Amino acid sequence: MTRFLSHRGESDDAPENTITAFRLAVERESDGIELDLRLTADDELVCAHDSDLRRVAGADVTVAAATLAELRRFYPVPRLSEVLALLTPAIQLQMELKGDNPALPARLADVLGAWTGDCSRLSVSSFERETIRAAADFLPELPRLLLTELKESDGRFPPPEEVAAELRSLQCTGISFKASSAADAEFVRKLHESGFRVVCWGVFTDELGLRMASCGVDAMTCNHAVALRRQWRSLR
């Protein structure tokens, strides 16, 4: 069954990576939430996609160089711990480790160690290969997804066996690839048979999202995940 995860919260209807967007996902009973993690200058683990606040707040403030209090002068940046407090038992949480900060996996392990919730609903992801490999050391109990944009050749993805070999080399338990018409059910099935979780991102149209669900992906991230889930269920 494909799960539809609210990308940076229900971010079509609320500012991305904010408590408002995450709470909306919870209230709408989304299957899950996807968010982005960075460290601030005062070692707070916060939700922020970009390295600075220019796009979301028009402020030339770098997340890593500012304290949480300084960031909040311009944008309501939440701590991860505040998001964890919102979760209900049915909601999954996929956390992307942004950038190549080697301290991120260890800091995340610290925050989760202080949380009394159910970690079986959590997973981590990253585009950075060294970061996702390090996550295996600090967060061995969590599913770890390699975020990637698979290269296409003649409209087809690389062989699933090749993809699986890279995932094993990085100690990943799954992949999150950019949604594409090159994906098909056979590609997903073979990765499943190899023991990997299959997720997709970059679902920029409902048509593409519905196609990915028909391929049997385990989950996808979408800015209006609950509405897309409703469409998918209406077709079943």
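# Close-up views of a predicted model

**Figure 1. Glu16 and its surroundings.** With a relative accessibility of 14%, Glu16 counts as buried, because buried means under 20%. The structure shown here and in the other views is a predicted model. Glu16 sits in the loop between β1 and α1. Leaving out residues up to four places away in sequence, Glu16 touches Arg8, Ser11, His49, Arg55, Val56 and Tyr75. Glu16 can also be placed relative to Ala225: the two are 209 residues apart in sequence, and their C-alpha atoms are 13 Å apart in space.

**Figure 2. Strand β2 and its burial.** Is strand β2 enclosed or open? Of the 8 residues in β2 (residues 32-39), 8 are buried, so the strand is largely enclosed by the rest of the structure. Both faces are covered. On one side the buried residues are Gly32, Glu34, Asp36 and Arg38. On the other side they are Ile33, Leu35, Leu37 and Leu39.

**Figure 3. The strands paired with β2.** Strand β1 (residues 3-7) runs parallel to β2 and is joined to it by 3 bridges. Ser6 has Ile33 of β2 as its bridge partner. Between these two strands the chain passes through helix α1 (residues 19-27), and this β-α-β crossover is right-handed. Strand β6 (residues 92-97) is also parallel to β2, with 6 bridges between them. Here Leu35 stands opposite Met95 of β6. Strand β3 (residues 45-47) pairs with β2 in the antiparallel sense, over 3 bridges, and Arg38 stands opposite Val46 of β3. β2 and β3 form a hairpin with 5 residues between them. In the turn of this hairpin, Asp43 has a positive phi of about 65°.

**Figure 4. The buried face of helix α7.** Which residues of α7 (residues 160-169) are buried? They are Pro160, Val163, Ala164 and Leu167. Viewed down the axis of α7, these buried residues fall within an arc of 100°, so they line one face of the helix. In general, an α-helix has 3.6 residues a turn, so residues three or four places apart point the same way. The elements covering the buried residues of α7 include β8 (144-148), β9 (174-178) and α8 (185-193). Just after the helix, Gln171 takes a positive phi of about 60°.

**Figure 5. The aromatic pair of Phe127 and Trp201.** The structure has a count of 4 aromatic pairs. One of them is formed by Phe127 and Trp201, an edge-to-face pair with 5.6 Å from centre to centre and 85° between the planes. Phe127 lies in the loop between β7 (122-126) and α6 (129-138), and Trp201 lies in strand β10 (residues 197-201), so the pair ties together parts that are 74 residues apart in sequence. Phe127 is partly exposed, at 35% relative accessibility. Trp201 is buried, with a relative accessible area of 19%.

**Figure 6. The aromatic cluster around Phe187.** The ring centres of Phe157 and Phe187 are 5.1 Å apart and the planes are at 65°, so this pair is edge-to-face. Phe157 belongs to the loop between β8 and α7 and Phe187 to helix α8; the pair links these distant parts of the chain, 30 residues apart. Both Phe157 and Phe187 are buried. Together with Phe177, they form one aromatic cluster.

**Figure 7. The largest nonpolar core.** This core has 60 residues, of which Leu35, Leu80, Met95, Leu108 and Phe177 touch the most other members. Helix α9 (residues 206-215) gives the largest share of the core, 5 residues. Apart from this core lies another, of 11 residues, among them Ala66, Leu68, Leu71 and Tyr75. Not counting neighbours within four places in sequence, Phe177 is in contact with several residues, including Thr148, Leu150, Phe157, Phe187, Trp201 and Met212.

**Figure 8. Helix α9 and its packing.** The buried residues of α9 are Leu208, Gly209, Leu210, Met212, Ala213 and Cys215. What do these buried residues pack against? They pack against strands β1, β9, β10 and β11 (219-222), and against helices α8 and α10 (225-235). Just after α9, Gly216 takes a positive phi of about 90°.

Note on methods. Residues are numbered from 1 along each chain as its sequence is written. This is a predicted model: local features need pLDDT of at least 70, side-chain atom pairs count only at pLDDT 80 or more; totals for chains, interfaces and linings use all residues. Side-chain values use heavy atoms; hydrogens and water are left out. Buried means under 20% relative accessible area, exposed over 50%, partly exposed in between (1.4 Å probe, protein chains only). Helices (H or I, at least four residues) and strands (E, at least two) are DSSP runs, numbered from the N terminus. Two strands pair if DSSP finds at least two bridges between them. A crossover is right-handed if, with the strands pointing away from the viewer, the path from the first strand over the helix to the second runs clockwise. The arc is that of the directions from the helix axis to the C-beta atoms. Contact means heavy atoms within 4.5 Å. Rings of Phe, Tyr and Trp (its six-membered ring) pair if their centres lie within 6.5 Å; planes under 30 degrees apart count as stacked, over 60 as edge-to-face and the rest as tilted. A nonpolar core is a set of buried Ala, Val, Leu, Ile, Met, Phe, Trp, Tyr and Cys residues joined through side-chain atoms within 4.5 Å.
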